[in-house]
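User: Please take a close look at a single helix. Then set it in its wider context, moving on to the meeting of the chains and to the salt bridges, with each term defined where it comes up.

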Amino acid sequence: MATKEGEGEVKKIVTEEEKTFAKNFNIMDLADIPTGLPPHLQLQRTRVLCKNDAPIHTASVVYSGAYNGVGVDNSVKLENFSENFKVDVIEISNDGMELTFDMIGIDAASYNVFFFVFTMQLPTMAFEKVFIANNTSIVQDEVLAQRMGLVPIAADPKLFEYLSENDQPNEKNTIVFKLHAKCAKGEGRKKVLTKELIWLPKGSELVKESGDPNSKPKTYTSVSRSQEESFPEFTDNPITPSYPDILIAKLGPGHEIELEAHAVKGIGKTHAKWLPVATAWYRMLPEVILLREVEDEDTERLVEACPEKVFDIEDMGNGRKRATVAWPRNCTLCRQCVRENYGEEVKIEGIQREKWIENVALRRVKNHFIFLLFAFLSVKIESTGSLPPDVLFTEAVKILEDKCERVIANLS
Amino acid sequence: MEHGSFTNDSFASFTLAEEDHTLANAVRFMLNQDPRVTFAGYSIPHPSLECVNVRVQTTGDPAREVLKDACQELMLMNRHVRSVFDKAVSEFKVEQARLAAEEEKNRKAEEEELKKQRDLLASMDIESD
């Protein structure tokens, strides 16, 4: 709207939201002595408002003295945190490998730490060196080795040590597997699955070539005791890959693959093959608020607009209907509900068009996170090879504590 | 490694080696929550170098102590998170086991009922024969 010079009056555009707020505002509702933040500041502090074009108020107000002007302390003391923090487990799948839970009362910065540690710093076992003795298949050596590296192994990494460059590979830091697959001439194409990987508890069987013909033949690992003896957990449970039906390669008639693979301990930061989880993601709890009563004809449009079935129709009697928010958790922020135009037709600047009314406010709660973890480790849940997501989470927190201790020790 | 001034120890920059956003963001958050801190921030000079610079400025307390306290609080918070999480998961598992047992019981009761009905029908058939 243009301002006319000299008249000194500027036309302000008042949004519908402000109009409804003003209509419903009652000065008698305010407390005698205002405590805490005014409601609009509280909204900014605790919610991410997902407007039609972009979300606003996304950064969390972290500084403890941010609201000193209104006399409110923004710091989160440990006692308050301990009282308000809650974890709600939503679902654990039948095999224990999928875990969905809510964390309430924790800030994004602290929460992200768990996520980082969980994915990048938790150790696992994965194939690092692949010794290929014979490969006449159409899958090239390097491609085969890369595929072997991504195979998940069901072995508890806590039982093993890291293998650095100067160490000798021995039974404490390496797991050796053998694969020998052949497709005879005349047979059809054959699939090589992970169940054909055989564990060698006595170490490598490939002989290292050395110039001296009289010395004892050395292999690629110097194993003093068989792993079956040194690890009581593996005496009756041989170590296997986590899933027996992962396809490694396909062989045509007359092709053969003979290789030995050594698995070592590593963390996800170095290479994604050492990631302990197949999927780990988190999101903030969605909050969907209806800003005005959506009645009668508009309810159908609103309910149909949402592909995730967030809204539902409520019968109010007398044939009148009303829309309610039934399952806000399903909201994926597709913003279909705010894209639709509702309301009466009006004449704006001489052109007939539908008036844009903001019906729905899409928000995210800043302190409430929904976390989904899907681990891919052993199929056998009873053995030590399986590390279900809840155990993994505890491990991740322990690693974080170790980091803090190290920093404190360095500072003292 | 602390880069501070000899005269005034209320502000300093700390270099943490072998760290990245994982710890630095969490420590920065805890530092900001401390009312003694006027400025707290971190930066990573180069992503290939594993090194983080943390800057702390306080209202008088030595920066090193404040950083140590922030790390301590972070540790305590983690312990609390771990215990709450473990409790929640074990409670959920217990609840699930209880629900599964109840379902088993209901299912067995239903099967018994069906069997009784079938026996009854069978006996009626024999009679009609």
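Analyst: Two residues are in contact when heavy atoms of theirs lie within 4.5 Å. Helices (H or I, at least four residues) and strands (E, at least two) are DSSP runs, numbered from the N terminus. The model is a predicted one, in which local features need pLDDT of at least 70 and side-chain atom pairs count only at pLDDT 80 or more, while totals for chains, interfaces and linings use all residues; side-chain values rest on heavy atoms, without hydrogens or water. Residues are numbered from 1 along each chain as its sequence is written, and chains are lettered from A, with ligands numbered from 1, in the order in which they are written.

The helix chosen is α5 of chain A, residues 141-149, where Leu144(A), Met148(A) and Gly149(A) are buried. Buried stands for under 20% relative accessible area, exposed for over 50% and partly exposed for what lies in between (1.4 Å probe, protein chains only). Viewed down the axis of α5(A), the buried residues fall within an arc of 140°, so they line one face of the helix; the arc is taken from the directions from the helix axis to the C-beta atoms. Against these residues pack β5 (123-135), β11 (247-251) and β12 (256-267) of chain A. The chain around this helix has nine helices and 18 strands, and 40% of its 412 residues count as buried. Of its contacts with a separation of 6 or more, 72% are between residues 24 or more positions apart.

Chain A also meets chain B, with 45 residues of chain A in contact with 42 residues of chain B. About 4,000 Å² is buried between them, and carbon and sulfur atoms give 68% of this area; buried area is the accessible area (1.4 Å probe) that two parts lose on being put together, summed over both. Val62(A), Glu401(A) and Leu411(A) supply 16% of what chain A buries here, more than any other three residues. Six salt bridges are counted between the chains, a salt bridge being a side-chain nitrogen of Lys or Arg within 4 Å of a carboxyl oxygen of Asp or Glu. In one of them, Glu401(A) meets Arg79(B) at 3.1 Å, N to O. The elements giving two or more residues to this side of chain A include α4 (108-121) and α9 (389-411). Helix α9(A) gives the largest share, 14 residues.

Asn78(B) lies in helix α2 (residues 63-128) of chain B. Its relative accessible area is 1%, so Asn78(B) is buried. Beyond its neighbours within four places in sequence, Asn78(B) is in contact with Phe114(A), Val397(A), Leu400(A) and Glu401(A).

Over all chains, 24 salt bridges are found. In one of them, Glu287(A) pairs with Arg47(A), the closest N and O atoms being 2.7 Å apart. This pair links strand β13 (residues 277-290) with strand β1 (residues 47-50) of chain A, across 240 residues. Glu287(A) is buried at 19% relative accessible area. Another pair is Arg329(A) with Asp102(A), at 2.3 Å between the closest N and O atoms. Arg329(A) sits in the loop between β15 (321-325) and α8 (336-339) and Asp102(A) in strand β4 of chain A, so the pair ties together parts 227 residues apart in sequence. Arg329(A) is partly exposed at 30%, whereas Asp102(A) is buried at 2% relative accessible area.
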